[in-house]
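Grab a pencil and work through the exercises below with the structure open beside you. Try each task on your own before you read its solution.

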Amino acid sequence: MQVDQDLIDRFADVVDDHQFIHVDPLRATNESVFGGTIAHGFLVLSLLTKLSRQVFAEPATGVVEINYGFNKVRFLAPVRSGARIRARFDLVASQQKGSGTLASYVATIDIQGQSKPALAADWLVLTTN
């Protein structure tokens, strides 16, 4: 998916983070090391949900998936406005938790044309009936 300036601006409005490196392309070009605006780290993290929907099947009727949290999150490289990203999800563990299943994924968000990923996280997802 492409992370464009409109998405970055809308996220800035939601979280009330209007730092110039995110929302002011001219100033970010002139005053930052990024050469333009970049996405908020929390925006990139939040896109795991959207990107996971492109990879995993929809849960069956009556099944609920709950974001259980993260054991580790690292923001490794900035996502510049206009960049295209993709996610990889590697299941590393799965265990019963109550009446559900707790899955642990290593989630990685790659930036097209970049060797360093934008994000690496250990993501926990609880599936219940």
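**Exercise 1.** Work out whether threonine 127 is buried, partly exposed or exposed, then find what it touches.

*Solution.*
Step 1. Keep in mind that you are looking at a predicted model. Threonine 127 has a relative accessibility of 26%. Buried would need a value under 20%, and exposed one over 50%, so threonine 127 counts as partly exposed.

Step 2. Find where it sits: threonine 127 belongs to strand β5, residues 119-128.

Step 3. Now look for its partners, skipping residues up to four places away in sequence. You should land on Val63, Val64, Glu65, Gly100 and Thr101.

Step 4. Take valine 63 from that set. Along the chain, valine 63 and threonine 127 are 64 residues apart, yet 6.8 Å separates their C-alpha atoms.

**Exercise 2.** Describe the chain as a whole: what pattern do its helices and strands follow, and what percentage of its residues count as buried?

*Solution.*
Step 1. Count the elements, and you get four helices and five strands.

Step 2. Read them off along the sequence: β-α-α-α-α-β-β-β-β.

Step 3. Box in the C-alpha atoms along the principal axes, and the box comes out at roughly 55 × 30 × 25 Å.

Step 4. Check burial: the chain has 129 residues, and 39% of them count as buried. The exposed surface is about 7,600 Å², with carbon and sulfur atoms supplying 50% of it.

Step 5. Look at contacts between residues at least 6 apart in sequence: 61% of these join residues at least 24 apart.

**Exercise 3.** Take helix α1 and find out which of its residues are buried and how they are arranged around the helix.

*Solution.*
Step 1. Helix α1 covers residues 5-15, and its buried residues are Gln5, Leu7, Ile8, Phe11 and Ala12.

Step 2. Look down the axis of α1. The buried residues fall within an arc of 160°, so they line one face of the helix.

Step 3. Flip to the face turned away from that buried side, and you meet the exposed residues Asp13 and Val14.

Step 4. Ask what covers the buried residues of α1: the cover includes β1 (2-3), α2 (20-23), α3 and α4.

**Exercise 4.** Look just past the end of α1: what is unusual about the phi of aspartate 16?

*Solution.*
Step 1. Place the residue first. Aspartate 16 is in the loop between α1 and α2.

Step 2. Recall the usual rule: most residues other than glycine have a negative phi.

Step 3. Compare. Aspartate 16 is not a glycine, but its phi is positive, about 55°.

Step 4. Check its surroundings: with a relative accessible area of 63%, aspartate 16 is exposed.

**Exercise 5.** Find out how many salt bridges the structure holds, then examine some of them.

*Solution.*
Step 1. Start with the idea: side chains of opposite charge can pair when their charged atoms come close. The chain offers 12 positive and 13 negative side chains, and the centres of the two sets lie 8 Å apart.

Step 2. The count of salt bridges is five. One of them joins arginine 27 to glutamate 31, with the closest N and O atoms 3.0 Å apart. Both residues lie in helix α3 (25-31), four residues apart, which is about one turn of the helix. Arginine 27 is partly exposed, at 37%.

Step 3. Next, try glutamate 65 and arginine 53, whose side chains meet at 3.0 Å, N to O. This pair links distant parts of the chain: glutamate 65 is in strand β2 (64-75), while arginine 53 is twelve residues away in the loop between α4 (41-52) and β2. Glutamate 65 is partly exposed at 32%, and arginine 53 is partly exposed at 39%.

Step 4. Finish with aspartate 110 and arginine 86, a salt bridge of 3.6 Å, N to O. Aspartate 110 lies in β4 (100-111) and arginine 86 in β3 (83-97), so the pair ties together parts that are 24 residues apart in sequence. Aspartate 110 counts as buried at 13%, whereas arginine 86 counts as exposed at 54%.

Step 5. Add Arg88, and you have a network of salt bridges linking Arg86, Arg88 and Asp110.

Technical notes: Residues are numbered from 1 along each chain as its sequence is written. This is a predicted model: local features need pLDDT of at least 70, side-chain atom pairs count only at pLDDT 80 or more; totals for chains, interfaces and linings use all residues. Side-chain values use heavy atoms; hydrogens and water are left out. A salt bridge is a side-chain nitrogen of Lys or Arg within 4 Å of a carboxyl oxygen of Asp or Glu. Helices (H or I, at least four residues) and strands (E, at least two) are DSSP runs, numbered from the N terminus. Buried means under 20% relative accessible area, exposed over 50%, partly exposed in between (1.4 Å probe, protein chains only). The arc is that of the directions from the helix axis to the C-beta atoms. Contact means heavy atoms within 4.5 Å. Accessible areas come from the Shrake-Rupley method with a 1.4 Å probe; for residues, only the protein chains shown count as cover. Lys and Arg count as positive and Asp and Glu as negative; His and the chain ends are not counted. The place of a charge is taken as NZ of Lys, CZ of Arg, CG of Asp or CD of Glu.
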